[in-house]
Each structure stands twice: as structure tokens, then as C-alpha cells.
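Here is a friendly walk through a protein chain, written to be read with the model open beside you. Have your viewer ready and pick out each residue as we come to it.

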Amino acid sequence: MTSYFLTWCFGILVLINLCHGQSNDIAKHQNWTKDIDYVDYLIRTRHPNPFYHISKEHWDNEIQNLKKNIAELSEKEISIKLSSIVALLNDGHTFLDFDGNYGFDHWFPIRFYDFDDGLFITVAHPAYKQLIGKKVVSISGLPASDVLNAVSKAISGDNAFHKRNIAAAFLSNTALLEGMGIIQNNQNLILQLSDENGKRSTVKITSISSFYSTNYRNWGELFGPPLEEYHTYVTPFENGKPPLKYREFSDDAPPYYASREPYWFKNYPEYSAFVFQFNFASEIGPETFKDFRKRLSAALEEAKPEKLIIDVRYNFGGDGSMMVPLVKDIITFNKNHPKTKLFAITGRQTFSAGIMLVARLNEYLNVTTVGEPMGAGYNHYGDPITYQLPNSGLKLYCSSVYWQLSHPLNDSNEISIEFPVAVNSNDFFKSHDRAFLKIAENNDLRHISDIYLEEELTIADSIYQSRYATFGELKWWNPIDGDSDQMDKKINAIFERQKPESAVKIAKLWTQYDAENPLAWMKLAELYQLQKKYNLALETLDKAQYLDGDRLDIKEARAALQDASKE
């Protein structure tokens, strides 16, 4: 009798557990379905133009497939797959934030950075400080590049440069690697590393429970993942100086790690160069930005440098309204000192308000760009609004504004560079600031348009070919400087110097490197017409009209050209 009773009780318990499990599964499915539908609704109704880079059909299929597979996926996996769907929008201001839920507040206490020559460790917890400067060959037995590419698909970004920057940072997130199947059940991270002599070693990294920070994606390569005892992190420079000390200025350091405070400047008289580094557009500290600008203007007046370098390679955004008075100050200085050459150093971390600054500088001034492409194109979405998903607690950041900082037909998400300088690990760890030195030590970084204006055609062609041989294989190199208005003025100046062939050459280069811009083709057609090459002019106008057939000025130019050809 007792045996029967125990068996009966056990069966009841099993039945209760089964029912409880089924109830949990139903609740999980309902809750996640509601959250996924809410993301779908927000993207469709709040984003300025969600289906520019992805079709509605593709988006719908991804959303429906995720909802169908909720039962087979863990909370981490659902979070990552939903983040991957949002990432299809190719908008770095629109992203799913994990907000520390489902284990996303666990980190491996090392910082990865994707240099031009591979993935390296730049910052580490004291227990792993011997790993700093080593190249990562594999992660959990998988090639490091494959893991980085996989993680980048779950990360929102406008372009590949922006994604690789954030993906390298999130390689340290335990839950992300687990949810993608790279590690299992919060296990250790196994890395195969290579030192500068090519000697390989295998290390095991233990995960640490900490906290989650949305802003970690913007902290940069000298800052480790979120950690309660953040001051303990070790960096590559100045005897392992902790990250927060980089908010103080180091006078002996090269510009790229002299300070990561929001803004600072320094005169380098040995190079006749003046650096103004702008890292974050925000009023931080006792000094107002207005007072800082006054100090900056006074220092520039005193130094009167040959080269003014505006370094925004670490500027991930902030308050865009700060850019207007700053640009006005630089314009005023440039008018008073027209011989000072202006340069901008940009990089993959340059984003949002940082891009606004570069756009305005290029619009009003003759600025030469050096470094890497920025994290987005001139025309991009921004000003995100935050929405919390009601059941999972995850947060959706969704763009609310479209910023048009360039020609309306310029839909490129990558801004080309006039003098490319990739970030190399050897330069980085040996304190060699190649972008800064490219400007400081080089006396001929003239724009190609200026070279064709100042030099004979054969000499100008030779200089262009030399630059093409150096940079031509890079898709992000562009020898053309300035926006459409500036290019129009520069070509006119060359033509007025009685250099029609040089003017045509620059116009051809403009159409080659800005092929989607109808104004470039119109300018080339105008030059052909002035040379009475009417057939070439008509062919060129056809391309302009193909790009933007509604433009009245193209139709007027075609009518005028047809009349001229009859005379």
C-alpha cells in the first residue's frame, strides 16, 4: 500500500513539473512574440526610412522565422538573433541593447582590437597582462577573423569599419559568444595567440560577473570591458597606465593616446603643427566649451602654425549643436591665416556628431583628410530614441532623424580618404602615430585639384599616378577633395588658367570617384561643350540625366548644347 502511495505521489509530481514546464514554455513564447512584434512595430513606425537597405519582404521573413523558432532557442540566442535582424538596417544609431539581461553582464576581462594586420589584445586584467600586444590566431578553435565576422553580423553599424570596431569590443562578452555557439555554458575562453616572433601559445580566460554598459561600444581600444574595479586594468603604455588615467593629458605621448578627455590641444613647434583633438561633443568638467574655444583660438593665434590638425578619429558623437560655433572659430582663424593648411584625422570610431564636424569643415574650408574612413556616410540616420521591450527588458535604440550632410544622391555609407593611413599593430604598440606623422613630416599633401592647378599636366599626371600606385587598391581611397560646389569652383579655376586639358582630367577623375553624382557628369559635359566636343558632351549629359532625370538644369543644358552644336 505504501509503495503504491509513493508511486502515485511521484506521478503527481512529474505531472505537475510537466505542466509547469509547458506553462513556462507558453509564457516564454507569448512574451518573446510580443517583444519581437513590438520591435517590428517600432522600426516600421518610428524609423525615418527602415527599408532602404533591406526589403520589407526580407524583414518580414526574418521576423516570422524568429517567432517560429522561439521554442528551440535560449533567451540569449533569441536576443542575439533579434539584434542581428535589427542590424540588417545598416544603421549604427538603431540597435538592440542587451542591457545586462540573460548573462550579458558577464565579460572576459580583456580588450580586443581589429588592426589592419589582425586581431590583437590591447588591454587586460592584471591576471592576463602578459597577453597585451599578442595577436589572436583563434578563438575556441575557430579562426579569429571568422569569429569577428560572425559577431559583426549581430552588431548594428552603418559600414564595415563601424561594425568591426564595435564587434571587436563585444568579443569580450560572455553571453554573446555563448549565444552564438562559440563557447558553451559560460565556459572559459580558449585563445591561441602569437607573439611578435611568431611563437604560439594557448591561454584560458575566465569570465567575470560585472555590469553592462551601453556606452562600452564607444570606449575605444584603451578601455577594457565593464568591471567593478576598473582601475585595475593594464594598458600597453606608460608602464601599464590604467584606462581612466588617459582622461589626463600626457605631454610626452603621441596624439593618439596623449589624452582621451573630450577635447584638448597642443602645439608641436618642431613640426610647425598644432593638434586639436575632439573626442566627445559634450560639456564635461568645470570649463565650459565656450571658454575652451576661447583658449583654443588664443593658442592658435599665438602659435600661427603651418598645419592645423583637427583630430576626430575617436569622436563617437555627442551634442551636434557644439559643431556650429567651433566651425565658425576655425573659419575665422583660416581667414586671418590663409597660409595655414588644414587637416582632419578620421577613423572608424568617428561617428554621429564627429561626422557632422568633418562635413561642415569640408563644406566651408579646404581640408585634407588623413586616416581611416569614418563610421558612417555623410548622409545617415541619427538622434535615436530609446524604447524598452516590456517582457525581456531589452532596449531598442531607434533613429528618429535623417541627417543630410552631403549631396542628396550621395547614399554611400563610407566616406573615402584622400591620404589613407590604416591602423597597424606594430605602429600602435610602439607608440608610432602614423596618421599624425603623415601630416607633420610630409611637405606635399596637396589636393590633386591644386596640383593640376599649379603644375603642368605631365607633372600633375605623374603625381597622380604615384598616389594611385600607393593607394589605388584601397576601395576607401579618393583623390578628389571637397564637395560638389568646391569641385566646381576648383575646375573653373583650372580652366581659367588656360589649362583646359587639366580641367577635363580633374572632371574625369571626379566622375570616376563620385560616379553617382550627376553634378560631376554635368561639369565634364560643360567642359566638353566649351571645347566644342559636342558629341562627347551629349554622351556625358546622358549619364547625368540617367542619374537624375528630373533635374531641370540638365534638361536646360541639353537644350543649350543641341542649339550650340547646330551653329
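We begin with the whole chain, then visit one helix, one glutamate and one annotated repeat.

**The whole chain**

Please keep in mind that this is a predicted model. The chain has 567 residues, and 52% of them count as buried. Its fold brings together 19 helices and 19 strands. Measured out along the principal axes, the C-alpha atoms fill a box of roughly 115 × 60 × 50 Å. Among contacts between residues at least 6 apart in sequence, 67% join residues at least 24 apart.

The surface and the charges can be put side by side:

| Property of the chain | Value |
|---|---|
| Exposed area | about 26,000 Å² |
| Share of the exposed area from carbon and sulfur atoms | 50% |
| Positive charges | 59 charges |
| Negative charges | 73 charges |
| Distance between the mean positions of the positive and negative charges | 1 Å |

**Helix 5**

Next, turn to helix 5, which spans residues 160-170. Is this helix mostly covered or mostly open? It is mostly covered, with nine of its eleven residues buried. The buried set includes Phe161, His162 and Lys163 towards the start of the numbering, and Ala167, Ala168, Ala169 and Phe170 further along. Asn165 and Ile166 are buried too.

What covers these residues? Among the covering elements are three helices: helix 3 (75-87), helix 4 (144-152) and helix 6 (174-179). Strand 2 (106-107), strand 3 (110-115) and strand 4 (118-124) also take part.

The N-terminal end of helix 5 has a cap, Asn159. A side-chain oxygen of Asn159 lies 3.1 Å from the backbone nitrogen of Phe161.

**Glu372**

Phe161 also leads us to the next stop, since Glu372 touches it. Where does Glu372 sit? Its place is in the loop between strand 14 (367-371) and strand 15 (380-382). Glu372 counts as buried because its relative accessible area is 5%, below the 20% cut-off.

Within this buried setting, the side chain of Glu372 makes a polar contact with the side chain of Arg348, at 2.8 Å. Beyond Phe161 and Arg348, the residues that Glu372 touches include Thr346, Gly347, Ile417, Val421, Ala422, Val423 and Trp476.

**The annotated repeat**

Finally, look at residues 518-551, which an unreviewed UniProt entry annotates as "repeat: TPR". In the model this span is 79% helix and 0% strand. Its end C-alpha atoms lie 9 Å apart.

Conventions. Residues numbered from 1 in each chain as written. Predicted model: local features only at pLDDT ≥ 70, side-chain atom pairs only at ≥ 80, totals over all residues. Heavy atoms only, no water. Helix = DSSP H or I, 4+ residues; strand = E, 2+ residues; numbered from the N terminus. Buried < 20%, exposed > 50% of the residue type's maximum accessible area, 1.4 Å probe, protein only. Polar contact = N/O pair within 3.5 Å; in protein donor to acceptor, adjacent residues only side chain to side chain. Contact = heavy atoms within 4.5 Å. UniProt positions renumbered as here; feature names shortened; annotations may be inferred. Areas by Shrake-Rupley, 256 points an atom, 1.4 Å probe, with all protein chains shown as cover. Lys, Arg positive; Asp, Glu negative; His and termini not counted. Charge placed at Lys NZ, Arg CZ, Asp CG, Glu CD. Lists of a residue's contacts leave out its neighbours within four places in sequence.
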